[in-house]
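Please walk through this structure with attention to how its side chains pair, which ones are covered and which ones reach the surface.

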Amino acid sequence: MKLDQRIQIKRIILISPGIGSNILVKESLGQSRDHVEVISFSTYYAATKFPPDSSTLLKSIIKGLKRKIYIGSSQANSSMLFILQDFMSSLGITAERTSHPIEAESRSITTYVHPPFFLNSFSLQEIFSLTRSTKYMYKLYPEGPITPDAIRSMVRLWKEISSVLVKFGADPVNLLKFMNDDNYPVQEQTLSRLDIEGFVQFEDIHQEYLLYVRYASLLIDPFSTPDEQGQYRPFAAVPYQQVSRDQEGRWVIPRVPYEDYRKLKLLYLVGQALYLPMLQAKTFILTFEKQLGKFMEEQGTEAFLPDLINDSTLDEAEVIIREMQTINLKDREDVFKS
């Protein structure tokens with residue numbers, strides 16, 4: 001959708017973008033692009049649900065607030081970032097400014113966690129099953145998808161995404177530190193500060209070990225108070241959302257993993273234009289497309305929304321590359337060479 005006729009818009013804030021969303025929104029502004037500021041959050045700053053018995057979308061329940069998010073603007077030296085920082089601070093949330101929107105957009109934990117856990121055969125069989133799943137999204141195999149191989153693929157994907165960020169002049173994340181300090185921490189007896197700070201320098205096998213330890217430690221809430229039987233609060237028993245039908249009888253693919261697939265495919269196509277192989281990302285994409293294609297063949301394509309059939313990610317990737325070449329990387333032509 002083109003927004004260039006809405007000349008009264010001064011600012012757009014993306015509270016849950018993917019990597020490259022800021023650029024795509026700027027491109028949609030047309031002639032107004034130079035006059036409209038686009039700000040990207042790293043992720044939505046709360047956990048929000050609609051009341052199950054509510055008849056309106058105007059009411060919601062905030063179940064919790066994040067401790068920290070990142071914010072970046074399409075305009076250099078944006079004063080609005082300071083205003084947003086003050087607002088977030090009033091909620092008890094730290095909002096750290098980044099030098100580029102893509103750097104903020106890359107600070108979403110789902111970017112690194114959802115593909116290895118939910119774009120694999122184990123999870124996709126549960127998600128596309130027509131019988132109720134009895135597995136859990138964040139448990140160890142066989143209760144859930146977390147295996148040494150899944151953690152290995154997570155490390156590989158993190159490094160592939162990091163290579164894209166470096167091409168764009170953005171700083172990659174220390175994955176373990178990001179998980180622990182900005183998301184869900186574990187006890188220091190489980191992961192020491194030396195483990196966390198030195199994660200980037202370790203060998204692959206060491207990184208995989210530390211990530212597996214982290215997820216094994218989060219099967220329960222490590223900071224909860226045990227009950228009289230010594231049981232800690234369960235933390236990882238998150239059930240899978242499965243395929244369902246909407247009111248018109250069309251099949252709906254759950255947001256996890258469909259949104260993760262679309263975001264990863266866009267990032268992969270950008271990586272291809274940058275001569276980055278991204279073999280792990282490609283594996284996740286093909287695995288999902290195979291499962292989705294099989295399900296659509298079984299149910300009939302007429303029973304699905306057009307968005308599942310009409311793929312626009314290649315066009316979006318071309319927009320991102322073109323914009324980065326002409327605006328953000330004027331003096332860095334080397335970035336687009338292998």
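**Charged pairs, rings and surfaces**

R193 and D181 meet through their side chains in a salt bridge, at 2.9 Å from N to O. A salt bridge here is a side-chain nitrogen of Lys or Arg within 4 Å of a carboxyl oxygen of Asp or Glu. This is a predicted model, in which local features need pLDDT of at least 70 and side-chain atom pairs count only at pLDDT 80 or more, while totals for chains, interfaces and linings use all residues. Residues are numbered from 1 along each chain as its sequence is written, and side-chain values use heavy atoms, with hydrogens and water left out.

R193 lies in helix α8 (residues 193-197) and D181 in helix α7 (residues 175-182), so the salt bridge ties together parts that are 12 residues apart in sequence. Helices are DSSP runs of H or I with at least four residues, strands are runs of E with at least two, and both are numbered from the N terminus. R193 is partly exposed at 34% relative accessibility, and D181 is partly exposed at 25%. For these labels, buried means under 20% relative accessible area, exposed means over 50%, and partly exposed is in between, with a 1.4 Å probe and protein chains only.

The structure holds 15 salt bridges. In another of them, the side chains of R233 and D221 meet at 2.8 Å, N to O. Both R233 and D221 are in the loop between α9 and β7, 12 residues apart. R233 counts as partly exposed at 44% relative accessibility, whereas D221 counts as buried at 15%. E289 and K265 also form a salt bridge, at 3.0 Å from N to O. That pair links helix α11 (residues 279-299), which holds E289, with helix α10 (residues 255-273), which holds K265, across 24 residues. E289 is partly exposed at 27% relative accessibility, and K265 is buried at 15%. Salt bridges that share partners join K177, D181, R193 and E197 into one network.

Next come the aromatic rings. How many aromatic pairs does the structure hold? The count is 18. Rings of Phe, Tyr and Trp (its six-membered ring) pair if their centres lie within 6.5 Å; planes under 30 degrees apart count as stacked, over 60 as edge-to-face and the rest as tilted. F117 and Y215 form an edge-to-face pair, with 5.0 Å centre to centre and 75° between the planes. F117 lies in helix α4 (residues 110-118) and Y215 in helix α9 (residues 204-217), so this pair ties together parts that are 98 residues apart in sequence. F117 is buried, with a relative accessible area of 0%, and Y215 is buried at 6%.

A second edge-to-face pair is formed by F295 and F304, at 5.8 Å centre to centre and 85° between the planes. Both F295 and F304 are buried. Ring pairs link these two residues with F128, W251, Y258, Y261 and F288 into a cluster.

Y215 also has a charge over its face: R214 lies there, at 4.9 Å from the ring centre. K139 lies over the face of Y136, at 4.9 Å from the ring centre. A charge sits over a ring if NZ of Lys or CZ of Arg is within 6 Å of the ring centre and within 35 degrees of the ring normal.

Two helices show how cover is arranged. In helix α2 (residues 80-90), the buried residues are M80, L81, L84 and M88. Seen down the axis of α2, these buried residues fall within an arc of 95°, so they line one face of the helix; the arc is that of the directions from the helix axis to the C-beta atoms. On the other side of α2, D86 and S90 are exposed. Helix α1 (residues 21-28) is mostly covered, with six of its eight residues buried. The buried residues are S21, N22, I23, V25, K26 and S28. After α1 comes G30, whose phi is positive, near 60°.

The last stop is a loop position. Q241 lies in the loop between α9 and β7 (244-245). Is Q241 buried or exposed? Q241 is exposed, with a relative accessible area of 56%. The C-alpha atoms of Q241 and P52 are separated by 16 Å, and the two residues are 189 residues apart along the chain.
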